[in-house]
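Work through the exercises below with the sequence and the model open side by side, and try each task before reading its solution.

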Amino acid sequence: MRDPKKPFIPERDLDKSPVLECVELGIDFGGLTAVDDFNITIAPTEICGLIGPNGAGKTTIFNLLTKVYQPSRGSMYLEGKDTKNMNTIGVNKAGIARTFQNIRLFNRMTVLENVLVGLHNEMDYKLFGTIFRLPSYWRAERIARERALEYLSIFDMQDMADYKAGSLPYGSQRRLEIVRALATNPAILLLDEPAAGMNSSETEELMENIRKIRDMFNIAIFLIEHDMKLVMGICEGVAVLNYGKLIAKGTPEDIQNDPQVIEAYLGTGGGERENA
């Protein structure tokens, strides 16, 4: 089995610099160590899964990567750049976007308006033109609307543009949150339990869309998920967290056959849990 501190990189990315590197990342809350010695390397177009028992620290990792929490120790590099002095807005502009385990949309805003919020990194509004509604402002507004509709078309949601986000079915809200994150133009997209609450057909569609997003935008995707069918079916690399420590990272086959992982998460019989 691979040493979890040694990077697993898909073959197509072997000659490329990693999009994300964490070196001995850790955080303490009072006297409690929530994450410790977290080391991971994610390649520029890798689909990587993060699995582990409930309470292992998976969402805490995502909060560290997006600077919701500042680490107590260790370093994180995004496309080679040290994120030490960045805040949440800074790392988003630098290339990290995320969705949440509990959907966070602007429910009273339209679907289109939610995506327009995500486009803030791309749009260039001039103060003078905005105040006086000059032609440059309306041109920027038209471009932003066209871009937002393009993003919505990824999930065939362009016809829902004028619906209130809060009125959408659950699965559509999940897709909209992903679209809004993509609109920030990330180098790596973090998905926190994207299949939560989805039925089997919706999950299959989600798997196809994750591949589509990776190929269309040429980005990395790092996801937390309990659905082992999804993880083992779509992820090239799988990282396993237990009690705040990374115990393994490798291919799905590596992970399924690792005795330490089987004991900690997959079960002593070695069988997969589809909704752990």
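Three exercises follow, on a pocket, on a pair of helices and on two loop residues, and the model they use is a predicted one.

**Exercise 1.** Find out where the largest pocket lies with respect to domain 1 and domain 2, and describe its lining.

*Solution.* Begin with the space itself, for which the computed volume is about 400 Å³. Next, go to the lining, which is made up of 19 residues, with T88, N92, R98, F100 and T184 lying nearest the centre of the pocket. Two or more lining residues come from each of the elements α2 (88-94), β6 (96-98), α3 (111-118) and α6 (170-182), and the largest share, 4 residues, is given by α2. Sorted by class, the lining holds 9 nonpolar, 7 polar and 3 charged residues. Finally, compare the lining with the domain bounds: because domain 1 (1-95 + 186-276) and domain 2 (105-183) both contribute residues to it, the largest pocket lies between the two domains.

**Exercise 2.** Decide how α6 and α7 are oriented relative to each other, and name the residues through which they touch.

*Solution.* First locate the partner helix α7, which spans residues 200-217, and note that its axis and that of α6 come within 12 Å and cross at roughly 10 degrees. Angles under 35 degrees count as roughly parallel, and α6 and α7 are therefore roughly parallel to each other. Then list the contact residues, which are G171, R175, I178 and L182 on α6, together with E202, E205, L206, I213 and F217 on α7. Divided by class, the residues of this contact are 5 nonpolar, 1 polar and 3 charged.

**Exercise 3.** Which sign does phi have in N185 and in N218, and where in the chain is each residue placed?

*Solution.* Start from the general expectation that most residues other than glycine have a negative phi. N185, which is not a glycine, nevertheless has a positive phi, near 65 degrees, and its place is in the loop between α6 and β7 (188-192). Turn then to N218, also not a glycine, where phi is positive at about 55 degrees; N218 sits in the loop that runs between α7 and β8 (220-224).

Methods:
Residues numbered from 1 in each chain as written. Predicted model: local features only at pLDDT ≥ 70, side-chain atom pairs only at ≥ 80, totals over all residues. Heavy atoms only, no water. 1 Å grid on protein atoms, 1.4 Å probe; cavity = no way out; pocket = protein on both sides within 12 Å on 5 of 7 lines; lining within 4 Å. Points joined across faces, edges and corners; volume = space filled by probe spheres on them. Nonpolar A, V, L, I, M, F, W, Y, C, P; charged D, E, K, R; others polar. Domains from an automatic or database assignment. Axes fitted to C-alpha atoms, helices over the stretch in contact; angles between N-to-C directions. Parallel < 35°, antiparallel > 145°, perpendicular 65-115°, else oblique. Contact = heavy atoms within 4.5 Å.
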